[in-house]
Amino acid sequence: MSEFTFESFKNYVSKYVVGEDDIIKLIYVGINAARRSKTLPAFLLRGPPGAGKTMITQIVADYFNAHYVFIQTTLNTTEDELIYKFVPSEQTRSGVRVQYGSLPDALIKSREKITVLTIDEFDKTRPSADALLLDYLQNARVSFRIDEKEDVIVGDKNNLIVFITSNDNREFSEPLLRRVITINFKLPDPKDVEKLLRRHFDDEKIIKTLTTMYIASLTTELTKPITIQELIQLGHAMTIMPDVDFNQLLLSFVVKNVEDLYKLHRSVKELNVTQITQQYRELPDVGDTIVGTVNNIAVLSQQTSQQQPTAQRTTTVQQLLTRIKLPVNKIVQTITNADKVKDEIESSFNAAIDTNTFSQYSNIIKTFSPEPTDRPDVLGKFKVVLDDTLRLTSDKPLTLREVYNIFHKMDFEAYVEDYVYLHNGYKDVIDLTGRYQELQFTYYTKDVIVAVHKENHTYFVLRLDNVKGRLYKVKAYVNKQDLDNEKRRHQYEFIEGLFNNYQLQNVLEKTLSDVQWSRDEILKGKYFESDKYKTLSNFVNDTKGILDLHTEIDVETDYAYAATASITRRRGKDECEPMYNISADSGRNYVKFTFNYLCVTMYVDENAKVEGKKISIANEVYNIASKYVGEYELLDGIKMFHKMAEELNDYAKNVCSKLNEMVKNGH
């Protein structure tokens, strides 16, 4: 339990739940207090279905890598069923054999390691069941008869954590309440749901869809509320099965019958967009992007719960997502009146094609060199569509590099997603806006920064979401149409600065190149005390999980010809000089150090009576260098490279001593 700190516990639980800091604190304090007082930590989790009570018990078990014993009680669950388990047996007259049930099973498991026992919806049991838990929670003990014998099972209080969940269908006895810490749950706020979904999904359209479904579920009475786990499962299903009917996924993952599906559709249709954006200002504008789409999804007639949705009017996940507008409203959280993109076909890129020159079509090919297909209207991520005009579109976000490369080649509007690394954090963002005078901050927190250029239209929207440390996810809407030349220049200079100085791959390239050119400092060990190393460590830690950075160490194949030690005459004082060469190179995600040669030379006065002599040290040098050959994580590899240099240097000193002895002995 020495590693059970609040920081580690909160960080782990917060991966799966948001907006529950008070609950996390109570569980942490409850477990710690019980350990110190030598009592059993027991919690009563109360609240409506779908509030996450059961889920958090599994998360706690996962944190401790604990045994997880789960009991689902029903209106018919008896006290005996909590203690006994009845299994078929041919060895008994009755045809059944009695075994330990969940309560004693948890006690036995607690003797081995930490065990989390969850008694779910205990309020469904009879009030007499309360008495069964009194001795259990007081002494980690249960008494019962099995095979006509009285038996007592005792567990380890230090290893047992008990959760009892309740939907408040009945009150519990006072003795039971005295033995538990009561924690009250409420349904998660949509803002918190949206934040949690962002930890699981990068696709903004999926996040919008799931958030909207959750908000709609709060305004209608479903058979069972939609839980966070169900939303996450639905999101993964949408990702894996884009060709499946969306209604079928709703029935499979979040609603339990067709009647609930109809209620959910009706609730979505009745969502008040203005009310939502005012009440949940930190949410994206879910209304305009989703509500109209869902209205077109296989709207059910007044069907009963036994009827199925009309098969001819299905809408697949892919069809749903491609109808959702991305620009502007996709990333502006605080501006509810931002202009809507009025195109018939919604996309993340839009550029009209001049049908006289077709220059835009040609420029896409020249700029991006897309792999040709058997269709002339498909150019990599770009497609040619004919709506009211002929134009280029894309249903995938552009990168900063793509927008930067195409900026001067055509008029367009585009949605951008990329990663940027800001060494100075928010200060870099402020410095950048000096290049774009019209860009104004509209939202400014440590986690989210939003800036907008809006006049008669919205021309630019920048959103930066902090991922970790100095790493940010940038989301931008770029519209260079109808701008005068000066404002276009400001917009371009901003994109240029953001791309060249902060785009993650560019920062990575400069970082690895700096490591390469710091080779001599690394060899001497000075590098590890420098600001360069601190900057590199921050970069590696902040980008872990997104970048796979490593160091390669190798040996030149013809090392045998260069690894020598010799005695040479020259004018001047006697001295021994080791010279070794290790080349450095960097690639897309690695730095490579290659050992080339080591020459140890003993210089003696030109008048000395010692003939020049060479000895081979190739095998010894190879044995040293080859120990370090391999691929390592970047920071570990740099340290291994320095360690190799130290060992080679120590070996060179020993060779110098041998050569000095040869000189003294006249050899």
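1. The chain contains 24 helices and 24 strands. The model under review is a predicted one, and the remarks below should be read accordingly.

2. On overall burial, the chain has 667 residues, of which 50% count as buried. Its accessible surface amounts to about 32700 Å². Carbon and sulfur atoms account for 46% of that surface.

3. On contacts, the pairs considered are those between residues at least 6 apart in sequence. Of these contacts, 70% join residues that lie at least 24 apart along the chain.

4. One surface feature deserves the reader's attention. Asp548, Glu631, Glu633 and Asp636 gather there in a patch of negative charge. Aspartate and glutamate are the residues counted as negative.

5. Within this patch, aspartate 548 may be examined individually. Aspartate 548 sits in a loop, with helix 22 (531-542) on one side and strand 19 (550-555) on the other. Is aspartate 548 buried or exposed? Its relative accessible area is 55%, and because exposed means over 50%, aspartate 548 is classed as exposed.

6. Glutamine 248 offers a second site for inspection. This residue belongs to helix 11, which covers residues 246-253. Its relative accessible area is 41%; since that value falls between the limits of 20% and 50%, glutamine 248 is described as partly exposed.

7. A distance involving glutamine 248 may also be noted. Glutamine 248 and valine 258 are separated by 10 residues in sequence, and their C-alpha atoms are 9.8 Å apart in space.

Technical notes
Residues are numbered from 1 along each chain as its sequence is written. This is a predicted model: local features need pLDDT of at least 70, side-chain atom pairs count only at pLDDT 80 or more; totals for chains, interfaces and linings use all residues. Side-chain values use heavy atoms; hydrogens and water are left out. Patches are made of residues with over 30% relative accessible area and no salt bridge: like charges are joined within 9 Å, nonpolar side chains (Val, Leu, Ile, Met, Phe, Trp, Tyr) within 5 Å. Accessible areas come from the Shrake-Rupley method with a 1.4 Å probe; for residues, only the protein chains shown count as cover. A salt bridge is a side-chain nitrogen of Lys or Arg within 4 Å of a carboxyl oxygen of Asp or Glu. The place of a charge is taken as NZ of Lys, CZ of Arg, CG of Asp or CD of Glu. Helices (H or I, at least four residues) and strands (E, at least two) are DSSP runs, numbered from the N terminus. Buried means under 20% relative accessible area, exposed over 50%, partly exposed in between (1.4 Å probe, protein chains only). Contact means heavy atoms within 4.5 Å.
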